[in-house]
Amino acid sequence: MTINLTSDTVTKPTKEMLAAMMAAEVGDDVFGADPTINKLEAKAAKMFNKEAALFCPSGTMTNQIAMKVHTQPLDEVLCHEYSHVYQYESSGYAFNSGVSMNLLQGEHGKVTAETVAAAIKPVYDWLPISRLVVLENTTNKGGGNYYTAAEIEPIKAVCQDRGLALHLDGARLFNALVETGETTQQMGALFDSISICLSKGLGAPVGSLLIGNQEFIRQARRFRKVMGGGMRQAGFLAAAGIYALDNHVDRLKEDHANARKIGAVLAKLDCVENIRPIKTNILIFDVKEPYTADSFLAKMAELGINGVAFGPQTVRFTLHLDVSDEMVDQMIDLLNNFDS
Ligand SMILES: *Cc1c(COP(=O)(O)O)cnc(C)c1O
């Protein structure tokens with residue numbers, strides 16, 4: 001049995017999800033004529049109490065479009081140095097939007113209002129214009145750490161006060177919300193735009209949503225087309241998204257419980273140190289020399305456990321929908337018997 005903890009993107013549609021996909025009513029979405037996509041977009045907008053939403057092929061695209069709509073060339077985007085928009089989108093911010101990044105520091109992937117306020121540049125001809133703040137919730141490279149609404153509120157206040165827009169990269173937002181008990185409406189009120197992934201913990205095969213006001217989404221729709229993301233009968237994919245939002249949110253708690261169980265066993269291994277606080281479905285830890293992340297992962301692969309290297313000594317395991325209780329028990333057994 002392989003236990004694939006490479007990412008929460010490795011999930012495959014369940015039978016029920018596939019059935020929902022096959023039953024979808026579709027049309028040409030470039031003409032706005034796919035009823036299932038329209039339904040998903042309306043559903044997402046309503047969930048977050050925003051005016052509109054846009055179905056896109058990936059979370060990279062929703063983030064790229066958001067940065068494009070919020071900025072002009074020579075502006076800068078403020079974000080944590082661990083952010084996906086900086087680390088893992090191939091410098092698309094420079095390519096697509098002609099902006100630079102003002103990288104902020106903070107514990108386990110999170111920034112504070114003070115850090116943001118201190119980093120906003122004064123207006124001079126020789127400086128970029130600080131235009132947009134991007135928060136990531138949960139934070140991937142931060143080990144699945146999350147923000148509460150109370151932590152975001154003062155950041156929003158700084159943005160409003162200084163005239164900056166605030167975008168949420170909420171690829172794993174629902175992992176945060178099932179822990180905090182806070183609502184999508186609360187998040188909607190805090191951000192100018194929100195991106196959520198349907199293809200991570202929620203288990204859809206493809207798709208992300210960008211959510212915002214009418215005018216923002218009108219412009220976003222145009223940039224989606226420019227980026228080649230105008231899809232035709234993609235309602236088959238949107239149906240998976242609707243199914244995921246209806247059925248796969250609450251169960252994210254199980255992934256978090258599994259992460260904690262596995263983390264407790266990892267913590268006992270001699271070769272493991274510095275496990276980041278386990279907040280949601282992501283486990284990030286360092287392995288001690290002579291192990292490297294790669295050699296540790298090779299050992300794990302021999303046992304049928306897959307993860308990814310997140311640095312020379314750093315390993316990430318990610319829990320998801322396709323990891324059964326049986327797999328977790330087996331992994332715990334294997335780790336308990338692992339001679340590190
Ligand atoms: C996965 C991810 C994305 C988007 O990824 P895609 O693979 O392009 O869908 C964006 N932000 C974060 C934090 C992510 O983890």
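**Close-up views of helix α8 and the ligand site**

**View 1. Surroundings of helix α8 in the predicted model.** Among the elements that cover the buried residues of α8 are α2 (35-47), β6 (165-170), α9 (184-190), β7 (193-197), α11 (235-247) and α12 (252-266), where contact means heavy atoms within 4.5 Å, and helices (H or I, at least four residues) and strands (E, at least two) are DSSP runs numbered from the N terminus. This is a predicted model, in which local features need pLDDT of at least 70 and side-chain atom pairs count only at pLDDT 80 or more, whereas totals for chains, interfaces and linings use all residues. Residues are numbered from 1 along each chain as its sequence is written, and side-chain values use heavy atoms, with hydrogens and water left out.

**View 2. Burial along α8.** Six of the eight residues of α8 (residues 173-180) are buried, namely Leu 173, Phe 174, Asn 175, Ala 176, Leu 177 and Val 178; buried means under 20% relative accessible area (1.4 Å probe, protein chains only). Gly 181, which follows the helix, has a positive phi near 75°.

**View 3. Polar contacts of the ligand.** With polar contacts taken as pairs of N or O atoms within 3.5 Å, a backbone N or O atom of Gly 59 lies 2.8 Å from a ligand oxygen atom, a polar side-chain atom of Arg 172 lies 2.9 Å from an oxygen atom of the ligand, and a side-chain N or O atom of Lys 200 is 2.8 Å from a ligand oxygen atom. The protein buries 84% of the 390 Å² that the ligand exposes when taken alone, with accessible areas from the Shrake-Rupley method and a 1.4 Å probe.

Terms used
Buried < 20%, exposed > 50% of the residue type's maximum accessible area, 1.4 Å probe, protein only. Polar contact = N/O pair within 3.5 Å; in protein donor to acceptor, adjacent residues only side chain to side chain.
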